[in-house]
Amino acid sequence: MAAPSLLNWRRVSSFTGPVPRARHGHRAVAIRELMIIFGGGNEGIADELHVYNTVTNQWFLPAVRGDIPPGCAAHGFVCDGTRILVFGGMVEYGRYSNELYELQASRWLWKKVKPHPPCSGLPPCPRLGHSFSLYGNKCYLFGGLANESEDSNNNVPRYLNDFYELELQHGSGVVGWSIPVTKGVVPSPRESHTAVIYCKKDSGSPKMYVFGGMCGARLDDLWQLDLETMSWSKPETKGTVPLPRSLHTASLIGNKMYIFGGWVPHKGENIDMSPQDCEWRCTSSFSYLNLDTAEWTTLVSDSQEDKKNSRPRPRAGHCAVAIGTRLYFWSGRDGYKKALNSQVCCKDLWYLDTEKPPAPSQVQLIKATTNSFHVKWDEVPTVEGYLLQLNTDLPYQATSSDSSAAPNMQGVRTDPHRQGSNSIVPNSIGDTVNSAKIEHTAMKGTSMKNKPEFKALTDSNAILHSSLPSNASNHNSCMVDMLRKNEGPHTSANVGVLSSCLDVRTVIPETSASSTVSGAQTMVTQQAIKTESSSTNGAVVKDETSLTTFSTKSEVDETCALPATKISRVETQPAVMPYSKETPSNPVATVKAERQWCDVGIFKNNTALVSQFYLLPKGKQSISKVGNADVPDYSLLKKQDLVPGTGYRFRVAAINGCGIGPFSKISEFKTCIPGFPGAPSAVRISKNVEGIHLSWEPPTSPSGNILEYSAYLAIRTAQIQDNPSQLVFMRIYCGLKTSCIVTAGQLANAHIDYTSRPAIVFRISAKNEKGYGPATQVRWLQGNNKKASLN
């Protein structure tokens, strides 16, 4: 059981945009990081659609069009992808609705839809206070309140316990209503109850859980409907059942149903008073039901309620949405004021993290210099910061490079001949691989307003500025895949998989606000992705900042910047992490986990420029406090600069109101050795009659005259079949030109790398008087099938 004192409520006090007026009886859903609110009443029924961006802390009123529904309150409101369905509700005093509307949030387009009536029986009558729950392609309607009188001014309430199923069409539209035949005892009629649908991971049978409601008196009963057998039952629960209530919210996160607020009985000293005779009040009590164990846990009891600013004050008729593992609550009424004969509505927005955040992706290298790294990691939703840590070995000694050798590859066979000799080299040492920046749009530059203020890090290297100079060194960076974003409006944000073999997913040292990817030739420059259109594969990628995210799997090629002796181990053996119960079988991984980790700092965004780290005080195993994510006073700690030619291991953890979550898997990068050239940039791939045309720009930091370039292709070998993570490269070009032709015959021998998405892998490096510098790696995406086409 979580102690109530550990609940870390946060009130959002600083936001922008048109804030909706306070209300109750409204409904809300979440689409990615957006909270979308519709309806409700307070001095009239509201008909506007309000949207709150939980990342940018902005309210906005989208320009809706189409069959805009009238304002309503206590209606059904569910979200299916990027479409929202609205059913029923009160449209004016005493007059209820049974109309169904659909909102395509990707275009903010409303449409009135008319489902077919049931084969037997009538469609749902007009009502309010019903539950309307979505699972799969069906919505489930239960209960509510109807007006028996035809005269809306003469309100004769009738509580309902009927049950309907609404089948949806894929993408848009509905099929029709049906009335399933259920088994068992049906719950008593009620309105202003809640319902959630949950399916255990080890059981394929989804179940709907109905809790509480009003039928002249408030209820505290829990009902379960098996949606496969259509059987009603009353599950036996453990723990303290919340007080009877209505107009509360129920939110599903994981296997827990969180119950907050609502109207509850207030009997005062007369404990024998019947429910019908007692007074009612709003509450801010907070409980959850573990749907796997059927056990109630009280997080905030009624006796703990107060009107301090540490948690939301009592309320009913509010809305709640879950975004990730965070719960947001907005508005609602706080009680009936008899003296004023009016109700008072809250106008506050709160959120609560229900558990620690998951581990971020591995740290990814954007750029390395002799004494710094520019790194990033995939963003974790609804977090307040990231703790970045590193540890290191002693510096290694740089070895001299033969003029004909592959770029800084230790212990490999090479053929000294130039173009035409297919010299083959195995996967190279880490400092031969160059990483550049993934274009990321989701929550880029996220503001930390309204989030707990961490102690400011005065060191300019600890908190990343918005961008690096365009002429910054481009050492030790590897080209990585970018996600294709499907063509669509601002909120559609479907992440697709590349199907064409002619798109190069590369990255840029400076991320632009938006980019266009189009056709068979994609060029990466220092500032933005530029395109050349093609009639065979034209697609426009729009800036979808609010809704586009990376996949959970790291898009960085994991061979980047790893010592050659450790590449296969790192890729095949997960590193030992805190909070992990697994015992590593790899002794190397064990040694890594036992090394002392030092803080680089706490960062608000998912990028960092690292040139220093903080030394641990004597006797300390870790600087950071895990409990409530307290930040150490870094100003009191000594700092250590990064050293050229040194390998460093990185890990990162996310922080929210519950504390510091588990750390990511470990990544390893190495600072550059002075004097070697940087990596080639702006790689382009285009198709021609001979095969493909591969071209690049000279390094931004040549460190002298460039004597030659080498290009390599990962090829199929028996070695790769035995160990897919150990790539073998064949040199396909060596010369002064910044381009070459990769023939169809060479491509026929290419290895298709399936470590993330199917791709052909190229590496290009430059050589100066001192030798070969780091290589730029490009993954040329090939489509989703095993027989990737080169046509």
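Reader: In what order do the four strands of the open sheet stand?

Author: In this predicted model, four strands pair in an antiparallel way to form an open sheet. Its edge strands, each of which pairs on one side only, are β1 (10–11) and β25 (319–323). Read across the sheet, the order is β1-β29-β26-β25.

Reader: Which residue in the turn of the hairpin formed by β25 and β26 has a positive phi?

Author: Strands β25 and β26 run antiparallel and are joined by five bridges, and within this pairing I323 stands opposite R326 in β26. The two strands form a hairpin with two residues between them. The residue in that turn with a positive phi, of about 65°, is G324.

Reader: How many of the five residues of β25 are buried?

Author: Strand β25 is an edge strand of the open sheet, and it pairs on one side only. Even so, β25 is described as mostly covered. The number of its five residues that are buried is four.

Reader: Which residue in β29 does Y328 stand opposite?

Author: Strand β26, residues 326–330, and strand β29, residues 349–353, run antiparallel and are joined by five bridges. Across from Y328, in β29, stands Y351.

Reader: What is the angle between the planes of the aromatic pair Y140 and F163?

Author: The structure holds 30 aromatic pairs. A pair of aromatic rings is described by the distance of the centres and the angle of the planes. For Y140 and F163 the centres lie 6.0 Å apart, and the pair counts as stacked because planes under 30 degrees apart are classed that way. The angle between these two planes is 5°.

Reader: How many residues apart are Y140 and F163, which link distant parts of the chain?

Author: Y140 belongs to strand β12, residues 138–147, whereas F163 belongs to strand β13, residues 157–168. The separation along the chain between the two is 23 residues.

Reader: Why does Y140 count as buried, and F163 as well?

Author: A residue is called buried when its relative accessible area is under 20%. F163 has a relative accessibility of 8% and therefore counts as buried. Y140 counts as buried because its relative accessibility is 5%.

Reader: Which tryptophan forms an edge-to-face pair with F163?

Author: The centres of this second pair of F163 are 6.1 Å apart, with 75° between the planes. The pair again links distant parts of the chain, from strand β13 to strand β18 (residues 231–233), 69 residues apart. The partner in β18 counts as buried because its relative accessibility is 5%, and that partner is W232.

Reader: Over the face of which ring does R651 lie?

Author: Two arginines may be described together here, and one of them, R218, lies over the face of W280 at 4.4 Å from the ring centre. R651 lies at 3.9 Å from the centre of its ring, which belongs to F663.

Reader: What percentage of the 791 residues of the protein count as buried?

Author: The protein has four helices and 54 strands, and its accessible surface comes to about 32,400 Å², of which 51% belongs to carbon and sulfur atoms. Among contacts with a separation of 6 or more, residues 24 or more positions apart account for 67%. The share of the 791 residues that count as buried is 57%.

Note on methods: Residues numbered from 1 in each chain as written. Predicted model: local features only at pLDDT ≥ 70, side-chain atom pairs only at ≥ 80, totals over all residues. Heavy atoms only, no water. Pairing = 2+ DSSP bridges. Phe/Tyr/Trp six-rings, centres within 6.5 Å; stacked < 30°, edge-to-face > 60°. Buried < 20%, exposed > 50% of the residue type's maximum accessible area, 1.4 Å probe, protein only. Lys NZ or Arg CZ within 6 Å of the ring centre and 35° of its normal. Contact = heavy atoms within 4.5 Å. Areas by Shrake-Rupley, 256 points an atom, 1.4 Å probe, with all protein chains shown as cover.
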